[in-house]
Amino acid sequence: MLWVAQSGVGKTNLLKLMAEYLSSQNNLMEFYGDVKFFEFLLNYCPPNEYFSELQRLIDEIDNAAGFRNEFKGIVHIDINEWLDHFEEKHFVSLMEYLSSNSDKWLIVLSVYSDKKDKIHNLNALLSMYLRIEKITLSFPKTEDLFEFIEDMLNQYGLTLKDDAKKLLFDTIEKLRNNKYFDGFKSIIMLCQDIVYDVFSNENVDELSLDANTLSKFSADSDYIKNMVANIERVNRIGLVNKE
């Protein structure tokens, strides 16, 4: 598969669900090793330098196999750094290696670009080595993100009153509408900060939260303004953390 997906859409969780489903079917693919899937960020190597990333990938596959003689499962490789270099010899060497092992692995390559022609050309090259299916992953809807954070809060025994639900829904909507929104990472951070704030506040006596209790997390709060500013700053300097 070729996943066209931004950071934060939940690729790791999707891989986990895929692995669980495929494993439960028994006859779709074989899993063998210490893990059912693993993820790898392929750093860029110029053509005039040794392709150390290929050896690093091989080492990671050996680690995934553990004490077994080989690994069979899902291999996810983030190739975003190669988006402008996929015709270079090192990337071709990678594809030859993956092609020779495609009978043992479900190979998932992920990249992100809004340039359709570049994705089309990449997909064409990948198709020379693998039977490839291109899938575009988008961020969940605001309703789904709200349900996610509500479920997380419930795990800590926290529930939301109606006015608190509206406050958080508006907050998520504001985050999601930012062009640098990084998906589940921001939502999880928001939830963790709410939990910390609630349980460190001596004045909070009940676990059913209202809008007043969550006022510092409203869409127009300094907290959200700072979160948005930090996300934008990290993206602009190219330091987005991978899933």
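Visitor: Let's dive straight in: which residue of strand 4 is the bridge partner of glycine 73?
Guide: Bear in mind that we're looking at a predicted model. Strand 3 covers residues 73-78 and strand 4 covers residues 105-111, and the two pair in the parallel sense over six bridges. One partnership along them puts valine 75 opposite isoleucine 107. As for glycine 73, its bridge partner in strand 4 is tryptophan 105.

Visitor: And in strand 4, what is the bridge partner of tryptophan 3?
Guide: Here we move to another pairing, the one between strand 1 and strand 4, which is parallel with three bridges. Tryptophan 3 meets its bridge partner in strand 4, and that partner is serine 110.

Visitor: In what order do the five strands of the open sheet come?
Guide: You've already met two of the pairings: strand 3 with strand 4, and strand 1 with strand 4. The pairing in this open sheet is parallel, and the order of its five strands is 2-3-4-1-5.

Visitor: Why is one side of strand 2 and of strand 5 left without a neighbour in the sheet?
Guide: Read the ends of the order 2-3-4-1-5. Strand 2 (37-41) and strand 5 (134-136) stand there, at the edges, so each has just a single partner strand.

Visitor: By how many degrees are neighbouring strands of this sheet turned against each other on average?
Guide: We're talking about the open sheet of five strands. Ignoring direction, its neighbouring strands are turned against each other by an average of 20°.

Visitor: Which strands does helix 3 touch where it packs on the sheet?
Guide: Start with helix 2 (residues 52-65), which lies across strand 2, strand 3 and strand 4 and runs at about 160° to strand 2. Helix 3 (residues 89-100) packs on the sheet too, with its direction at about 150° to that of strand 4. The strands helix 3 touches are strand 3 and strand 4.

Visitor: How many of the seven residues of strand 4 are buried?
Guide: Strand 4 has company: the buried residues of helix 4 pack against it, as well as against strand 1 (2-4), helix 3 and strand 5. Strand 4 is mostly covered, and its count of buried residues is six.

Visitor: Within what arc do the buried residues of helix 4 fall?
Guide: Helix 4 spans residues 116-126, and its buried residues are Ile119, Leu122, Asn123, Leu125 and Leu126. They line one face of the helix, because, seen down its axis, they fall within an arc of 160°.

Visitor: Which exposed residues does the face of helix 4 turned away from its buried side carry?
Guide: The buried side holds residues including Ile119 and Leu122. Turned away from that side is a face with the exposed residues Lys116, Asp117 and His120.

Visitor: What kind of aromatic pair do phenylalanine 148 and phenylalanine 184 form?
Guide: The structure holds eight aromatic pairs. This one links distant parts of the chain, with phenylalanine 148 in helix 5 (residues 142-155) and phenylalanine 184 in helix 7 (residues 184-199), 36 residues apart. The rings sit 4.9 Å apart, centre to centre, with 70° between the planes. Planes over 60 degrees apart count as edge-to-face.

Visitor: Which residue lies over the face of tyrosine 32?
Guide: Rings have other company in this structure, such as the aromatic cluster of Tyr44, Phe51, Trp82 and Phe91. Over the face of tyrosine 32, at 5.7 Å from the ring centre, lies arginine 68.

How values were computed. Residues numbered from 1 in each chain as written. Predicted model: local features only at pLDDT ≥ 70, side-chain atom pairs only at ≥ 80, totals over all residues. Heavy atoms only, no water. Pairing = 2+ DSSP bridges. Helix = DSSP H or I, 4+ residues; strand = E, 2+ residues; numbered from the N terminus. Axes fitted to C-alpha atoms, helices over the stretch in contact; angles between N-to-C directions. Contact = heavy atoms within 4.5 Å. Phe/Tyr/Trp six-rings, centres within 6.5 Å; stacked < 30°, edge-to-face > 60°. Lys NZ or Arg CZ within 6 Å of the ring centre and 35° of its normal. Buried < 20%, exposed > 50% of the residue type's maximum accessible area, 1.4 Å probe, protein only. Arc of directions from axis to C-beta.
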